[in-house]
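Visitor: Got a minute to walk me through this one? I'd like to just ask things as they come up.

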Amino acid sequence: KQIEAFEGVVSASPVIYSQLAIQPKNSEMIEGMIYVKGINPQQEDGVTGFSKFVDGSVDFKGSPLIERARMRAAANQETITGGIILGNYVANRMGVTKGEVLRLISKMVQNPADPNSFWPHIRNFVVIGVYESGMYTYDNAFGFIDLETAQKLYNKPNQINMIEVRAVNADMASTVRNRIQSTIRFDGGLAMPITNTWMDSHAPLFDAMKLEEIVTVIIEALIILVAAFNIASTLIMMV
């Protein structure tokens, strides 16, 4: 709320995320690791327009697909924690579709009967939608669940590890960042937040584009120089 009151800020959204192992219900093997991001869909919409990129439901708790999965799971004495929205490439890579159940493995818990062995901490989630933003980095590495559910899954009640902020326009990102750094304080005023703008996140891309621009100018200058030399030498010889 304090950040949303800043001039130039449209909205802010609290999130919590971490990297988890993921396993389809019909598979005996872990298929890989993805970032599972806990969000509030309404607040996330104000920052990233989240729901516009989702094919399916964004109701992590009340989707009809969750109720159907719970009915099926009850017969096997299993529980369904909630819904999950997968990045498009994640879903394609694992071959899962809406309505299927995924297992998220967050940590290994010591077995009370045998201190030398560990049990995986597993929670079942139903795929309620597919997220396709057009940005491969996100579509290939992210899944989304409810914020409260993620806090419980990560054992971080009432905590977040990031606040996303949307500015009035993209060029104001640095200005908003400076206002946040100069105003927000943690630990009794001793620590300031670590901030990151879209320009920082995509710095390698911008560096590559800058280098490409420099190289293009040099190549074009050489082409013009060679052409000018040929024209000049031809005219001199004619005269």
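Guide: Sure. One definition before we start: contact here means heavy atoms within 4.5 Å. And keep in mind that this is a predicted model.

Visitor: OK, with that cut-off, what is glutamate 4 in contact with, leaving aside its neighbours within four places in sequence?

Guide: Val9, Ser11 and Ala12. Glutamate 4 itself sits in the segment before E1.

Visitor: Is glutamate 4 buried, partly exposed or exposed?

Guide: Partly exposed, because its relative accessible area is 36%.

Visitor: And how far apart in space are glutamate 4 and glycine 87?

Guide: C-alpha to C-alpha, 28 Å. In sequence, 83 residues separate glutamate 4 from glycine 87.

Visitor: Let's switch to salt bridges. How many does a search of the whole structure find?

Guide: Seven.

Visitor: Which residue does glutamate 164 form a salt bridge with?

Guide: Lysine 37, and the closest N and O atoms of that pair are 2.5 Å apart. The pair ties together distant parts of the chain, since glutamate 164 is in strand E8 and lysine 37 in strand E2, 127 residues apart.

Visitor: Are glutamate 164 and lysine 37 buried or exposed?

Guide: Both are buried. For lysine 37, the relative accessible area is 8%, so it counts as buried.

Visitor: What about glutamate 44, which side chain does it meet in a salt bridge?

Guide: Lysine 37 again, at 3.3 Å, N to O. Glutamate 44 has a relative accessible area of 2%, so that one is buried too.

Visitor: Any salt bridge inside a helix?

Guide: Yes, arginine 70 and glutamate 67 meet through their side chains at 3.4 Å, N to O. Both lie in helix H2, residues 64-75, and they are three residues apart, about one turn of the helix.

Visitor: How exposed are arginine 70 and glutamate 67?

Guide: Arginine 70 is partly exposed, with 32% relative accessible area. Glutamate 67 comes out at 40%, so it counts as partly exposed as well.

Visitor: And which residues do salt bridges with shared partners join into one network?

Guide: Lys37, Glu44 and Glu164.

Visitor: New topic: pockets. What volume does the largest pocket have?

Guide: About 1900 Å³. It is lined by 48 residues, and the closest to its centre are Met162, Ile163, Glu164, Val165 and Asn196.

Visitor: Which element gives the most to that lining?

Guide: E8, with six residues. Other elements that give two or more residues include strand E1 (9-24), strand E2 (32-39), helix H1 (41-48) and H6.

Visitor: You mentioned H6. What can you tell me about valine 176?

Guide: Valine 176 is found in helix H6, which covers residues 173-183. Its relative accessible area is 5%, so valine 176 is buried.

Visitor: Leaving aside neighbours within four places in sequence, what is valine 176 in contact with?

Guide: Gly8, Val9, Val165 and Ala167. Valine 176 also lies 9.1 Å from isoleucine 3, C-alpha to C-alpha, although the two are 173 residues apart in sequence.

Visitor: Anything odd in the backbone?

Guide: Take asparagine 155, which has a positive phi of about 60 degrees although it is not a glycine. Asparagine 158 also isn't a glycine, and it has a positive phi of about 60 degrees.

Visitor: Where does asparagine 155 lie?

Guide: In the loop between helix H5 (147-153) and strand E8 (162-167). Asparagine 158 has its place in the loop between H5 and E8 too.

Visitor: Are asparagine 155 and asparagine 158 buried or exposed?

Guide: Asparagine 155 counts as exposed because its relative accessibility is 53%. Asparagine 158 is exposed, with a relative accessible area of 75%.

Visitor: Last one: which residues make the nonpolar surface patch?

Guide: Trp198, Leu205, Phe206 and Met209, forming a patch of about 380 Å². Helix H8, residues 203-238, gives the most to it, with three residues.

Visitor: And phenylalanine 206, is that one buried, partly exposed or exposed?

Guide: Phenylalanine 206 is in helix H8. Its relative accessibility is 31%, so phenylalanine 206 counts as partly exposed.

Notes. Residues are numbered from 1 along each chain as its sequence is written. This is a predicted model: local features need pLDDT of at least 70, side-chain atom pairs count only at pLDDT 80 or more; totals for chains, interfaces and linings use all residues. Side-chain values use heavy atoms; hydrogens and water are left out. Patches are made of residues with over 30% relative accessible area and no salt bridge: like charges are joined within 9 Å, nonpolar side chains (Val, Leu, Ile, Met, Phe, Trp, Tyr) within 5 Å. Accessible areas come from the Shrake-Rupley method with a 1.4 Å probe; for residues, only the protein chains shown count as cover. A salt bridge is a side-chain nitrogen of Lys or Arg within 4 Å of a carboxyl oxygen of Asp or Glu. Helices (H or I, at least four residues) and strands (E, at least two) are DSSP runs, numbered from the N terminus. Buried means under 20% relative accessible area, exposed over 50%, partly exposed in between (1.4 Å probe, protein chains only). On a 1 Å grid over the protein atoms alone, a cavity is a set of points where a 1.4 Å probe fits but cannot get out, and a pocket is an open set with protein on both sides within 12 Å along at least five of seven lines; lining residues have an atom within 4 Å of a point. Grid points are joined across faces, edges and corners, and a volume is the space filled by probe spheres set on the points.
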